[in-house]
Amino acid sequence: MTALHVRGVLLPGDAERDLWIVNGRVRTEPVPGAETVVDGGFLVPGLVDAHCHIGLATDDLAGAEAQARTDRDAGTLLIRDCGSPMDTRPLQERLDLPRIVRAGRHVARPKRYIRDIGVEVDDPARLPAVVAEQAAYGDGWVKLIGDWIDREAGDLAPLWPDDVLTDAIKVAHEAGARVTAHVFGADALPGLIAAGIDCIEHGTGLSTELIDDLAARGTALVPTLINIELFPGIAAGASKYPKYAAHMRALHASVPETIAAAIEAGVPIYAGTDAGGGVDHGRIVDEIIALHRAGMSRERALGAASWVARGWLGWSGIEDGSAADLLAFDADPRQDLDALRTPKRIVLRGRVIS
Ligand SMILES: [Zn+2]
């Protein structure tokens, strides 16, 4: 494979750098005969979609592949798949597709999540055993459904007793896996956070007190702001459950305040689109812009979808020996996040994709 050479201002930072790419890795020492594929502009470590679903809302692996390609073409080169009914491991072999960190299947209870997507646990006492199975099947993450509508109660309600959560999260940690949970409302949060969960998805029900708790523990939050924009539509379609509909509207209304408080408190926040869960693939830049509008500086919002998120998922930014997953832009995206929509080069695993 021909060695590549790129030159540009490497983010985060302001220094113009010359970098070489050999066998999928970045080198800081010159490599003779390298082909220059970027000369000037700005270099950004590949974008990260920290909440995405590859293989959801499609029937076959070809559909899942198309989803991953759509994300890649938007600059997402690393995906934390937050639960999929499909075994997408064959896609992980593909050099032309984003890297995928899988959480296995959603862990839910019967009638307490979208049908046929998750593993449905009849007896909550079995949660630790099911979590152990998913920890073995996934790539270091397990995804729980923390709350969902309880149709008998007509409102959001937690799925799991607190003591079972403590055991289940312990089991995952012992297996070297981290645990995250889908949570819309407030009631499921104290039990999950006290049990030592590693991340909260959506988190629209977070109170100031719980936000302080997340910040103190270093528990992450992936708010999926462009998905939360769908709450009024969900409420409109739930007229059979007026309490639930009102609850969803109230959660939606308080989002700006909740997210601003989490940013202010220093909660580790990452960009996730929830693509596949009602949101189209390829929208990572919309989520970065939403995080900026919610109160993060442009640079911090970009970091939440690039170098900071990469570190959180066990990958590095661009440095000597790192994976050569990067984007090149003419304009500085820290000045204008819309510049992220038009990468002039996408390099994935050391290959020029476009
Ligand atoms: Zn999701």
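Two strands are taken as paired when DSSP finds at least two bridges between them. By that criterion β6 (residues 76-81) and β7 pair in the parallel sense, over 4 bridges. The model shown in all views is predicted.

**Figure 1. The open sheet of 3 strands, β5-β6-β7, has parallel pairing.** The edge strands are β5 and β7 (99-102), each of which pairs on one side only. From one strand to the next, the twist averages 15 degrees. Strand β6 joins β7 through 4 bridges, and Arg 80 stands opposite Val 101 of β7. In a regular strand, side chains alternate between the two faces of the sheet.

**Figure 2. The zinc ion has protein donors from two histidines and one aspartate.** The donors are NE2 of His 51, NE2 of His 53 and OD of Asp 274, lying 2.0 to 2.1 Å from the ion. Along the sequence, the donor residues follow the spacing H-x1-H-x220-D. His 51 belongs to strand β5 (residues 47-52), while Asp 274 lies in the loop between α9 and α10 (284-293). This pair links distant parts of the chain, with 223 residues from one to the other. His 51 counts as buried because its relative accessibility is 1%, where the limit for buried is under 20%. Asp 274 has a relative accessible area of 6% and is therefore buried by that limit. The backbone of Asp 274 has a phi near 65 degrees, a positive value in a residue other than glycine.

**Figure 3. The open sheet of 7 strands has mixed pairing.** Its strand order is β3-β2-β1-β4-β16-β17-β18. At the edges are β3 (25-27) and β18 (351-352), and each of these pairs on one side only. Within the sheet, strand β1 (residues 4-10) and strand β4 (residues 35-45) run parallel and are joined by 6 bridges. Leu 10 has Leu 43 of β4 as its bridge partner.

**Figure 4. The loops on either side of β2 hold a cis peptide bond and a residue with positive phi.** The cis bond runs from Leu 11 to Pro 12, with omega near -5 degrees. Pro 12 is found in the loop between β1 and β2 (16-22). Asn 23 is found in the loop between β2 and β3. Its phi is near 50 degrees, which is positive although Asn 23 is not a glycine. Asn 23 has a relative accessible area of 63% and so counts as exposed, the limit being over 50%.

**Figure 5. Strands β11 and β12 form a hairpin with 4 residues between them.** Strand β11 (residues 147-150) and strand β12 (residues 155-158) run antiparallel and are joined by 4 bridges. Asp 150 is paired with Asp 155 of β12 as its bridge partner. In the turn, Gly 154 has a positive phi of about 70 degrees.

**Figure 6. Helix α5 packs against helix α9.** Two packed helices are described by the angle between their axes and the distance between the axes. For α5 (residues 208-217) and α9 (residues 255-265), the angle is about 35 degrees and the axes are 9 Å apart. The crossing of α5 past α9 is right-handed. On the α5 side, the contact is made by Ile 211, Asp 212 and Ala 215. These meet Thr 258, Ala 261, Ala 262 and Ala 265 of α9. The residues of this contact divide into 5 nonpolar, 1 polar and 1 charged.

**Figure 7. Helix α10 is mostly covered, with 7 of its 10 residues buried.** The buried residues are Ile 284, Val 285, Glu 287, Ile 288, Ile 289, Ala 290 and Leu 291. Their cover includes the strands β5 and β6 and the helices α6 (225-228), α9 and α11 (298-303). β5 and β6 are also strands of the sheet in Figure 1, and β5 holds the zinc donor His 51. After α10 comes Gly 295, with a positive phi near 135 degrees. On the other side, the loop between α9 and α10 is the place of Asp 274.

Conventions: Residues are numbered from 1 along each chain as its sequence is written. This is a predicted model: local features need pLDDT of at least 70, side-chain atom pairs count only at pLDDT 80 or more; totals for chains, interfaces and linings use all residues. Side-chain values use heavy atoms; hydrogens and water are left out. Helices (H or I, at least four residues) and strands (E, at least two) are DSSP runs, numbered from the N terminus. Axes are lines fitted to C-alpha atoms, for helices over the stretch in contact, and angles run from 0 to 180 degrees between N-to-C directions. A crossing is left-handed if the near helix is turned anticlockwise from the far one by less than a right angle, and right-handed if clockwise. Contact means heavy atoms within 4.5 Å. Ala, Val, Leu, Ile, Met, Phe, Trp, Tyr, Cys and Pro count as nonpolar, Asp, Glu, Lys and Arg as charged, and the others, Gly among them, as polar. Donors are N, O and S atoms within 2.8 Å of the metal (3.2 Å for Na, K and Ca); water is not among the atoms, so sites may look incomplete. Buried means under 20% relative accessible area, exposed over 50%, partly exposed in between (1.4 Å probe, protein chains only).
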